[in-house]
Amino acid sequence: MYIVTGGAGFIGSAMVWKLNQMGIDDILVVDNLASSDKWKNLVNLKYSDYLHKDQFLKFMAEGDDPFGTQGIVHMGACSSTTELDADYLMENNLRYTQVLCRFAVKNSVRFLNASSAATYGNGERGFSDDMAGLENLKPLNMYGYSKHLFDLWANRAGIFDRIVCLKFFNVFGPNEYHKGDMMSVICKAHKQIGQTGAMRLFKSYRPEYPHGGQMRDFVYIKDCVDILWWLLENPQVNGVFNVGTGIARTWNDLARAVFSAMGKTPDIGYIEMPEAIRDKYQYRTQADMDKLRAAGYTAPLTSLEDGVRDYVTGYLDKDDPYLDSRNG
């Protein structure tokens with residue numbers, strides 16, 4: 001059995017879809033559905049069972065493996081970069097992950113964990129996943145810090161030769177519809193352009209970046225789960241790895257790609273950035289992908305334009321926009 005935590009969430013449900021594509025449906029989905037719309041991500045997918053995250057944690061804390069687990073893909077976390085409850089993030093993102101990691105190491109279970117590019121802070125120390133610079137990183141928000149603390153813990157525990165932590169950059173694609181303000185700008189833009197014919201981006205407050213010229217490494221969800229699957233299939237590959245494209249693109253590039261995919265003429269305007277996030281805003285991110293390539297991952301990565309086109313025409317424009325186990 002494969003266990004996918006956060007299995008009803010964005011990357012988690014996409015991973016369930018990827019496992020289905022590989023002919024696997026002996027999957028335990030772990031999540032906290034509550035009253036959210038995350039359950040819709042699961043409707044088109046095949047899996048064996050579902051457990052609430054608290055019930056699952058009790059099993060893990062006992063230390064034995066009642067599931068016959070082959071691998072754990074731990075995508076379950078609070079991913080809000082604006083979450084202010086530090087104690088909640090410590091328990092949910094750090095302590096929970098430590099329990100699962102100890103279980104995996106004890107039972108020789110493959111363990112893939114979601115870290116985040118938010119651990120790199122403002123990027124002044126670069127975006128290299130080389131372990132030599134791990135201790136020097138300074139995240140800008142509590143979410144990034146909670147992820148960084150686990151990376152530090154695993155490094156000091158000397159277990160990075162047995163587990164994988166993945167620093168996801170700006171992921172976009174189907175099954176993110178439940179995320180509200182945390183969904184990708186592409187998803188928001190599709191709705192905004194459809195309703196108004198125009199798209200609005202944040203202004204820049206640094207002279208070296210024009211309005212809309214702030215840059216991100218945008219990575220398509222299908223590339224992310226391809227990498228996760230490859231790592232499951234190659235247990236000799238361990239450590240910290242970036243998950244991006246290695247190419248920084250501007251928000252203006254993204255906006256033009258969405259307009260193009262929708263067959264519309266670009267109409268881009270700029271609005272003030274909320275003061276609450278101005279001093280924590282990353283103006284440029286770009287994943288260093290050399291380490292993953294050196295480890296043996298050779299598959300091509302989807303360009304921003306191709307990823308946006310697939311997302312818009314294959315999902316956002318459809319009545320049922322969710323990933324489906326029956327097709328790619």
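The following dialogue works through the sheet, the helix packing and a salt bridge of a predicted model.

Me: In what order do the strands of the sheet lie, and is the pairing parallel or antiparallel?

Reply: The order is β3-β2-β1-β4-β5-β6-β11, an open sheet of 7 strands with parallel pairing. The edges are held by β3 (49-52) and β11 (239-243); each has a single partner strand, so one side of each is left without a neighbour in the sheet. From one strand to the next, the twist averages 20 degrees.

Me: How many bridges join β4 to β5, and which residue of β5 is the bridge partner of His74?

Reply: Strand β4, residues 71-74, is joined to strand β5, residues 110-116, by 4 bridges, and the two run parallel. The partner of His74 is Asn113 in β5.

Me: Which strands does helix α3 touch where it packs on the sheet?

Reply: Helix α3 (residues 86-106) touches β1 (2-5), β2 (27-31), β4 and β5. The direction of α3 makes about 165 degrees with that of β4.

Me: How should the packing of two helices be read, and at what angle do α2 and α3 pack?

Reply: Two packed helices are described by the angle between their axes and the distance between the axes. In this structure, helix α2 (residues 53-62) packs against α3 at about 40 degrees, and their axes are 9 Å apart. That angle makes α2 oblique to α3. The crossing of α2 past α3 is left-handed.

Me: Which residues meet where α2 packs on α3?

Reply: From α2 come Lys53, Phe56, Leu57, Met60 and Ala61; from α3 come Tyr88, Asn92, Tyr96, Val99, Leu100 and Phe103. Sorted by class, this contact has 9 nonpolar, 1 polar and 1 charged residues.

Me: What are the angle and the axis distance for α7 and α10?

Reply: Helix α7 (residues 251-261) and helix α10 (residues 304-316) have axes 9 Å apart and pack at about 45 degrees. The two are therefore oblique to each other, and their crossing is right-handed. On the α7 side the contact is made by Asp253, Leu254, Ala257, Val258 and Ala261; on the α10 side, by Leu304, Glu305, Val308, Arg309, Val312 and Thr313. These residues divide into 7 nonpolar, 1 polar and 3 charged.

Me: Helix α7 also packs with α5; at what angle do their axes cross?

Reply: The axes of helix α5 (residues 185-196) and α7 cross at roughly 50 degrees and come within 10 Å. This makes α5 oblique to α7, and α5 passes α7 in a right-handed crossing. Val185, Ile186, Ala189, His190 and Ile193 of α5 meet Trp251, Leu254, Val258 and Phe259 of α7. Here the classes are 8 nonpolar, 1 polar and no charged. Leu254 and Val258 of α7 also take part in the contact with α10.

Me: How many salt bridges does the structure hold, and with which residue does Lys18 form one?

Reply: Side chains of opposite charge can pair when their charged atoms come close. The structure holds 14 salt bridges. In one of them, Lys18 pairs with Asp226, and the closest N and O atoms are 2.8 Å apart.

Me: Which parts of the chain does the pair of Lys18 and Asp226 tie together?

Reply: Lys18 belongs to helix α1 (residues 10-21) and Asp226 to helix α6 (residues 221-233), so the pair ties together parts that are 208 residues apart in sequence.

Terms used: Residues are numbered from 1 along each chain as its sequence is written. This is a predicted model: local features need pLDDT of at least 70, side-chain atom pairs count only at pLDDT 80 or more; totals for chains, interfaces and linings use all residues. Side-chain values use heavy atoms; hydrogens and water are left out. Two strands pair if DSSP finds at least two bridges between them. Axes are lines fitted to C-alpha atoms, for helices over the stretch in contact, and angles run from 0 to 180 degrees between N-to-C directions. Contact means heavy atoms within 4.5 Å. Angles under 35 degrees count as roughly parallel, over 145 as roughly antiparallel, 65 to 115 as roughly perpendicular and the rest as oblique. A crossing is left-handed if the near helix is turned anticlockwise from the far one by less than a right angle, and right-handed if clockwise. Ala, Val, Leu, Ile, Met, Phe, Trp, Tyr, Cys and Pro count as nonpolar, Asp, Glu, Lys and Arg as charged, and the others, Gly among them, as polar. A salt bridge is a side-chain nitrogen of Lys or Arg within 4 Å of a carboxyl oxygen of Asp or Glu.
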